[in-house]
Amino acid sequence: MKLHMQNLTKSYHSGHPVLNVPDGTLGEHGLEGLIGPNGAGKSTMMGLLTRRIAPSTGTVSLEDDTDLHTLNALQSHDVARLGLVKTNQRIQGFESLTIRDSLRLAATSHADETYRGVLTGSEQDDAIEADIDGYLDRFKFEDPDGFAKSGGEKKLLDILRCMIFKPKMLLMDEPTAGLPEDVTNEVMKMVGEKVKSKEMTVVIVEHDLELIWKHCKYVHFLSEGAILFHGTPKDVKKNRVVAEKYMGV
Ligand SMILES: Nc1ncnc2c1ncn2[C@@H]1O[C@H](COP(=O)(O)OP(=O)(O)O)[C@@H](O)[C@H]1O
Ligand SMILES: [Mg+2]
C-alpha cells in the first residue's frame with residue numbers, strides 16, 4: 001500500500017506552513033524511513049496522512065492493490081478501515097484496560113476488515129485470542145494478564161495494538177524511544193517479516209539513524225516542513241544537505 005501527497009500543506013494560526021509537500025509518495029519501497037530535525041514536521045505529516053490532523057490545503061490518497069482512495073473526506077477511523085494505521089509518539093489511554101483487553105478491543109473494533117470477513121463470530125474470536133497469545137508469547141510483559149506498567153510497556157502495547165489490526169500500511173512515529181534494545185530489535189524483526197512477506201508497507205520516524213540505515217530500503221529527509229531529499233540510505237548518508245541540516249557535520 002502507498003500514500004500519495006499532493007499540494008499538502010498545514011499551517012497553524014496565521015503563520016508559515018509547518019508542512020509543505022507539493023508532491024510526494026511514501027510506501028513504494030517496503031520499509032522506509034522519515035528523518036529530520038526536531039520540529040521538521042514529521043509527526044504533522046503522519047497526522048495528516050492518517051486524517052488525525054486536517055490539512056490546510058491539498059490531498060492525500062491511498063493506493064492499494066485495486067483502488068486509489070482519496071482520504072480528504074474521511075475520518076481517521078475510516079482510514080484505519082482501509083488498512084492505514086499509526087503508532088503514537090506519545091502514549092496515553094492505557095490506564096483503564098488490561099493488556100489483553102486493549103488488544104481485544106483493537107482486534108474486534110475492525111474484526112471484519114482484520115479477518116477479511118472470512119470467519120464466523122466464534123471462529124473470529126478464536127483467531128483473535130490466538131493472535132493475542134502469539135504476540136504475548138513473543139513479547140514479554142511483566143504482567144501479561146494485567147496492565148502495561150512502564151512507559152516502555154505502553155509503547156510496546158501501542159505497537160502491538162496496531163499489529164493485531166493487520167494493517168496494510170503502518171506509520172511508526174518514534175516507536176523505539178523508551179523501548180529496551182532487545183525489544184526494539186524484536187519489534188524491527190517482526191515488522192521486517194511482515195514487510196518481506198508483502199503483508200504491509202511501513203514508514204518509520206526515528207532519531208536513531210543506525211536503526212534507519214540498518215532496516216530501511218529508502219529514506220525521506222524532512223526539514224522545515226519540506227522533503228529536501230530522498231533516496232537509499234547510502235545516498236542520504238552522503239547527501240550534503242542532510243549532513244549540514246541534520247547530522248551536524
Ligand atoms: N497543534 C499545534 N499548534 C501549533 N503548532 C504546532 C502544533 N503541532 C505542531 N506544531 C509545530 O509544527 C512544527 C512541526 O512539529 P512536528 O510535526 O511535531 O515536528 P517533528 O515531529 O518533526 O518533531 C513545529 O514547529 C511545532 O511547534
Ligand atoms: Mg514528532
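Start with the whole chain on screen: 10 helices and 10 strands are there to be found, where helices (H or I, at least four residues) and strands (E, at least two) are DSSP runs numbered from the N terminus. The radius of gyration, taken over C-alpha atoms, is 18 Å, close to the 18 Å that the globule rule gives for 249 residues, so the chain is as compact as a globular protein of that length. That rule is 2.2 Å times the number of residues to the power 0.38.

Before you click further, note that this is a predicted model, in which local features need pLDDT of at least 70 and side-chain atom pairs count only at pLDDT 80 or more, while totals for chains, interfaces and linings use all residues. Residues are numbered from 1 along each chain as its sequence is written, and chains are lettered from A and ligands numbered from 1 in the order in which they are written.

Turn the C-alpha trace around: along its principal axes it spans about 55 × 40 × 35 Å. Buried residues make up 37% of the 249 residues; a residue is buried if 20 or more other C-beta atoms, placed from the backbone, lie within 10 Å of its own, exposed if 12 or fewer, and partly exposed in between.

**Stop 1: strand β8**

Select residues 201-205. This is β8, and five of its five residues are buried. Look at one side for T201, V203 and V205, then at the other for V202 and I204; both faces are covered.

Now add residues 31-35, strand β3. β3 and β8 pair in the parallel sense over four bridges; two strands pair if DSSP finds at least two bridges between them. To see one pairing, pick L34, which stands opposite V205.

**Stop 2: strand β7**

Next, select residues 169-173 to show β7, which runs parallel to β8 and is joined to it by five bridges. Pick M172 and you will find I204 as its bridge partner in β8. To get from β7 to β8, the chain passes through helix α7 (residues 181-196), and this β-α-β crossover is right-handed. In other words, with the strands pointing away from you, the path from the first strand over the helix to the second runs clockwise.

β7 is largely enclosed by the rest of the structure, because five of its five residues are buried. M169, L171 and D173 lie on one side, with L170 and M172 on the other. Click on L171: K86 stands opposite this residue, and L171 also stands opposite V203 in β8. K86 brings in strand β6 (residues 84-86), which pairs with β7 in the parallel sense over three bridges.

**Stop 3: out on helix α7**

Go back to α7 and select K189, which sits in that helix. K189 counts as exposed because 11 C-beta neighbours lie inside 10 Å. Draw a distance from its C-alpha atom to that of V203, and you should read 15 Å for two residues 14 apart along the chain.

**Stop 4: ligand 1 and helix α1**

Finally, center on ligand 1. The residues around it are Y12, V18, G36, N38, G39, A40, G41, K42, S43 and T44, each with its C-beta atom, placed from the backbone, within 6 Å of the ligand.

Three of these residues are nonpolar, six polar and one charged. Here Ala, Val, Leu, Ile, Met, Phe, Trp, Tyr, Cys and Pro count as nonpolar, Asp, Glu, Lys and Arg as charged, and the others, Gly among them, as polar.

Then select residues 42-49, helix α1, where eight of the eight residues are buried; K42, S43 and T44 are among them. After α1 comes R51, whose phi is positive, near 65°.
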